[in-house]
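Open the model in a viewer with side chains shown as sticks. The stops below each give a selection and then what is there.

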Amino acid sequence: MTRSNTSGPLTIHYECRKAFPSFIRPSASYSTKASDQNPKQEGKDLSTTEHPFDDITYNIPEKPVTFTEGASYSLVILAGLGIAALAGYAVFKELIFEPKEYKIFGKALARIQNDSQVTARIGHPITGYGQETRNRAARQRIPNKIWTDEDGVEHVEVNFLIRGPHGAGKVYSEMFKDNSDRTWKFTYLVVEIVSPQHAKTQLMLESYLPA
C-alpha cells in the first residue's frame, strides 16, 4: 500500500517552529532591541552636534587700539590727574598756608575783641564774618584787596562784619608788612557801630603815624 504525503508548506513551517523554537524567538527579540536603541543613538548624535557658527563667534579677534586712540586715552588720564593734583594743592594750601587776608582778618578781630570801647557797646563775645547770610562759605569769605606799593611794601585791606550779644558793626582795616622787621602793622582800623540805634558811632582803633 502506498501512503501519500499530504503535508504542504504550512505543515513544514509549523514543524520547523515546533522543532526549533529557541532559534526563532531570540532573533525576534534582537530585532526589537536594535530598533529601540536606534532612536536613542540618533538623539545622542543630534544633542552633541555643535552649532557651525560657534567657532566663528568665539574666534573673532579684538580690534587693535590705534596709536591715536592710545594717545587720546593717555591725555584724558593725564588731564584727570592734573585736575586732582590742583584740587589737592588748593586744599593743602588753604589748610597749611593761611591766606594773607585771613591772617589780617584774625589780627583785626583779635584787636577788636580786646577793645573796651567796642565791648561796652555791643557786648562780649564778638564774632566776625564776611557777609550777612546763612551760607557758611559766604560768611567765611572775607572781602579783601592785596597790593604792593612803589616802595615794595605789601598791603592787605579787609572789610568784614562783627556781632556781639547787644549789637553789631562794620570793620574797615588795612595792614602793611614792614620790610625792616618783616612784621604786619596796622595802617588803620576803624569800627562802625550800626546797632543798637542809640550806640551808633565810629571808632578809630588804630592809625599808622610814620616816624
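Select Asp 178: is this residue buried or exposed? Asp 178 has a relative accessible area of 18% and is therefore buried, where buried means under 20%, exposed over 50% and partly exposed in between (1.4 Å probe, protein chains only). This is a predicted model, in which local features need pLDDT of at least 70 and side-chain atom pairs count only at pLDDT 80 or more, while totals for chains, interfaces and linings use all residues. Residues are numbered from 1 along each chain as its sequence is written, and side-chain values use heavy atoms, with hydrogens and water left out.

**Salt bridges**

Keep Asp 178 and add Lys 185: their side chains meet in a salt bridge at 2.8 Å, N to O. The term stands for a side-chain nitrogen of Lys or Arg within 4 Å of a carboxyl oxygen of Asp or Glu. Lys 185 is partly exposed, with a relative accessible area of 29%. Next add Asp 181, which also forms a salt bridge with Lys 185, the closest N and O atoms being 3.6 Å apart. Asp 181 is partly exposed at 39%.

Now select Arg 111, Asp 115 and Glu 206, which salt bridges with shared partners join into one network. By this rule the structure has six salt bridges.

Another of them is between Glu 132 and Arg 163, at 3.6 Å from N to O. This pair links distant parts of the chain, 31 residues apart: Glu 132 is in the loop between strand S1 (127-129) and H7, and Arg 163 is in strand S3. Helices (H or I, at least four residues) and strands (E, at least two) are DSSP runs, numbered from the N terminus. Glu 132 counts as exposed because its relative accessibility is 52%, whereas Arg 163 is partly exposed at 37%.

**Aromatic pairs**

How many aromatic pairs does the structure hold? There are two. Rings of Phe, Tyr and Trp (its six-membered ring) pair if their centres lie within 6.5 Å; planes under 30 degrees apart count as stacked, over 60 as edge-to-face and the rest as tilted.

Select Phe 105 and Phe 160. Their ring centres are 4.7 Å apart and the planes stand at 80 degrees, so the pair is edge-to-face. The two residues are 55 apart along the chain and link distant parts of it, with Phe 105 in helix H5 (residues 100-113) and Phe 160 in strand S3 (residues 154-164). Phe 105 is buried at 13% relative accessible area, and Phe 160 is buried at 2%.

For the other pair, select Phe 176 and Tyr 208. Here the centres are 4.9 Å apart and the planes at 70 degrees, so this pair is edge-to-face. Phe 176 lies in strand S4 (residues 167-178) and Tyr 208 in the segment after strand S6 (201-207), 32 residues apart, so that distant parts of the chain are again linked. Phe 176 is buried, with a relative accessible area of 8%, whereas Tyr 208 is partly exposed at 38%.

**Charges over rings**

Select Arg 139 and Tyr 129: Arg 139 lies over the face of Tyr 129, 4.2 Å from the ring centre. The rule asks for NZ of Lys or CZ of Arg within 6 Å of the ring centre and within 35 degrees of the ring normal. Then select Lys 145 and Trp 147, where Lys 145 lies over the ring face at 5.3 Å from the centre.

Move to Gln 140 in helix H7 (residues 136-140). Gln 140 is partly exposed, with a relative accessible area of 42%. Its C-alpha atom is 9.4 Å from that of Tyr 102, with the two positions 38 residues apart along the chain.

**Backbone stops**

Select His 124 and Pro 125, which a cis peptide bond joins, with omega about 5 degrees. Pro 125 lies in the loop between helix H6 (116-122) and S1. The peptide bond from Ser 195 to Pro 196 is cis too, with omega near 5 degrees; Pro 196 is in the loop between strand S5 (183-195) and S6.

Which residue has a positive phi although it is not a glycine? Arg 182 does, at about 60 degrees, in the loop between S4 and S5.
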